[in-house]
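Got the viewer open? Good: here is a short walk through this model, one selection at a time.

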Amino acid sequence: MHGSQNCGTRPIRVLVVEDSREDAELALAELTDDALVHEARVVDDEATYLAALREFAPDIVLSDLSLPGFSGQRALELLRQCDEDLPFIFVSATLGEEAAIAALRNGATDYILKQNPARLASAVRRALAEAAEHRANQRAEAELIRAQRFESLAMLAGGLSHDLRNLLQPLLLAGETLRHRNDDPQLARLGELVRDCGKRGLEMVQSMLSFARGARRAEEVRLGGLMDALGLLLKGSVPRAIRMQMRVDEPELAFAGNHTELQQCMLNLCLNAIQAMPSGGELRIEAEQLKLEAGFFLPGEQMHAGQYLRLGVIDSGQGMSREVLARLFEPFFTTKENGTGLGLLSCQRIVASHGGVMRVDSSPGHGTRFDLYIPLQEMVDIGETGDDSEDLEGLGELVLVVAEAAAELSLLIDTLDAWGYQASASQSGTAALQWVGAHGLPDLVLMDADMNLLTGGRTLAALVEQGYDGAVVMLVRPDAPPNRDDLPPMASLHVLDKPVTTRKLLRTLRLALTGAA
């Protein structure tokens, strides 16, 4: 049963609960006369009504009050058990005032008397408009909650990264120092292990910040290397009942991205796929280059036509319902007993930080497909240069080291001493000023900006007042860089994010001293 078609407009789906074919035709004729484009289904018992709710998925229900073996009240009750917002209008010849009020209290949207059908079309329009407005408000409220959760996660990540960076700094400095103990091979190996653990910890901190802020660090990612690493990680995780296939069209393809984060994202999707196939199935991993046009992108996505790398993870598992798909990227939502609800959200953030988009296609019983579209950009080298043969030795320069944390101060002093500098320690800005008053001006000041008693900026200003015009290397928290306006004019000021590696610190010291000479 169809109303007149309106090109470009999806017909509204009207479910009519009515045992009189003539009354149903009259009600739908009112919608047709008012140019309401619709398709309808008429039911007259509970079983077909429930089936229609599932299969027909109506936009609105029109129901008589009394039917043989069934009732409008029962129809309303069943609807509200599965959907609290779908419009429901009683269309009855016997609905008295008290019954109408009771119906509205029980969740009906409106009621129309069959003796006055002219109001039906306007009531349907109003009910659909109110339902659409309510859904929009719900989406806005959900987006607000989502944004608030993101903000909380960002604050948590920022706080944790600060503490973790302070813990990692000794590992990076001590590990590099021990690594160069050529007189004791065992200590050298231990130093290399400590240094590598510190670097890995730093990568984890940066990934956490990337998740919270969407920041991305560029490096060259080779597709073949990425997929080989993924295959090795999955080797012991794929059950025998699952057939895994991997297809990589261009293994030598290289692009700007973050290997660790993309590997983490693909691994997470693959493990989810494996868990969705408890009885076995097929897991396919695909990688291909393709061109995307502007029309491919959805509203709200970053719209940049061009060459993309598509990374696909496809499983033949249980699939997901519309309700689960709607909440898939909601923070802390999970269908797993021990899940965190952050895995897919992390994947989405990683893809977005690469300037890409993420798509998912799934339905119950038909498996799930995730596709990541990563834009292919030219590689810009932002890594550290130099190698082990680089001359980073000091020439006996006098370096004043200022840091409040005793462990950090001690390691910085030991590191500089080991690399040919004369290092003197001050555990506060006040102590540094006293040292200068007693010993004179150093060749370079190495300072932690994160001090409580006398800040880095104020300490520098006081040193300048005492006549210091040499080089300064300042260690800062990435989430709290110093305000340049608060710093005195310096001929040679170099700012390094904490935690800093020994090599980067030594290279910066040589650069600062050379520039200041």
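## Stop one: a covered strand

Select strand 12 to begin: it is mostly covered, with nine of its 10 residues buried. Before going on, keep in mind that you are looking at a predicted model. Strand 12 covers residues 306-315.

Now bring in the neighbours. Strand 11 (281-292) pairs with strand 12 in the antiparallel sense, over 10 bridges. To find a spot on that seam, pick Ile 285: it stands opposite Val 313 in strand 12. Next, add strand 14, residues 368-375. Strand 12 and strand 14 run antiparallel too, and eight bridges join them. Here, click on Leu 309 and look across to Ile 374 in strand 14.

## Stop two: the whole mixed sheet

Widen the selection. Those strands belong to an open sheet of five strands, in the order 9-11-12-14-13, with mixed pairing. Which strands stand at the edges? They are strand 9 (242-248) and strand 13 (357-362); each has a single partner strand, so one side of each has no neighbour in the sheet. Turn the sheet in your viewer: neighbouring strands are turned by 15 degrees against each other on average, with direction ignored.

Take the edge at strand 13 for a moment. Strand 13 and strand 14 pair in the antiparallel sense, with six bridges between them. Ser 362 is a handy marker, standing opposite Thr 368 in strand 14.

Now show the helices that lie across this sheet. Helix 7 (residues 223-234) lies across strand 9, strand 11 and strand 12, and runs at about 170 degrees to strand 9. Helix 8 (residues 259-275) lies across strand 9, strand 11, strand 12, strand 13 and strand 14. Its direction makes about 30 degrees with strand 12.

## Stop three: the parallel sheet

Move further along the chain. There is another open sheet of five strands to select, with the order 16-15-17-18-19 and parallel pairing. The edge strands here are strand 16 (422-426) and strand 19 (492-497), each of which pairs on one side only. On average, neighbouring strands of this sheet are turned by 20 degrees against each other, direction ignored.

Within the sheet, pick strand 15 (residues 398-402) and strand 17 (residues 444-448): four bridges pair them in the parallel sense. Click Leu 400 and then its bridge partner in strand 17, Val 445.

Next come the helices around this sheet. Helix 11 (residues 406-418) packs on the sheet and touches strand 15, strand 16, strand 17 and strand 18 (471-476). The direction of helix 11 makes about 170 degrees with that of strand 16. Helix 12 (residues 429-439) lies across strand 15 and strand 16, at about 155 degrees to strand 15.

While helix 11 is on screen, click Ala 406, which lies in that helix. Is Ala 406 buried or partly exposed? It counts as partly exposed, because its relative accessibility is 49%. Then select Gln 427: it is 21 residues from Ala 406 along the chain, yet their C-alpha atoms are separated by 7.2 Å.

## Stop four: helix 13

Now colour helix 13 (residues 456-465). Which of its residues are buried? They are Gly 456, Gly 457, Thr 459, Leu 460, Ala 462 and Leu 463. To see what covers them, show the surroundings, including helix 12, strand 17, strand 18 and strand 19. Follow the chain out of helix 13 and you come to Gly 467, whose phi is positive, near 105 degrees.

## Stop five: a pair of helices

Jump back along the chain to helix 2 (residues 46-55) and helix 3 (residues 72-82). They pack at an angle of about 30 degrees, and their axes are 11 Å apart. That angle makes helix 2 roughly parallel to helix 3. Their crossing is right-handed. To light up the contact, select Glu 46, Tyr 49, Leu 50 and Leu 53 on helix 2, and Arg 74, Ala 75, Leu 78, Leu 79 and Cys 82 on helix 3. By class, this contact has seven nonpolar, two charged and no polar residues.

## Last stop: zoom out

Finally, show the full chain. How many helices and strands does the chain have? It comes to 14 helices and 19 strands. Of the 517 residues, 44% are buried. Among contacts between residues at least 6 apart in sequence, 70% join residues at least 24 apart.

How values were computed
Residues numbered from 1 in each chain as written. Predicted model: local features only at pLDDT ≥ 70, side-chain atom pairs only at ≥ 80, totals over all residues. Heavy atoms only, no water. Axes fitted to C-alpha atoms, helices over the stretch in contact; angles between N-to-C directions. Helix = DSSP H or I, 4+ residues; strand = E, 2+ residues; numbered from the N terminus. Parallel < 35°, antiparallel > 145°, perpendicular 65-115°, else oblique. Left-handed = near helix turned anticlockwise from the far one by under 90°. Contact = heavy atoms within 4.5 Å. Nonpolar A, V, L, I, M, F, W, Y, C, P; charged D, E, K, R; others polar. Pairing = 2+ DSSP bridges. Buried < 20%, exposed > 50% of the residue type's maximum accessible area, 1.4 Å probe, protein only.
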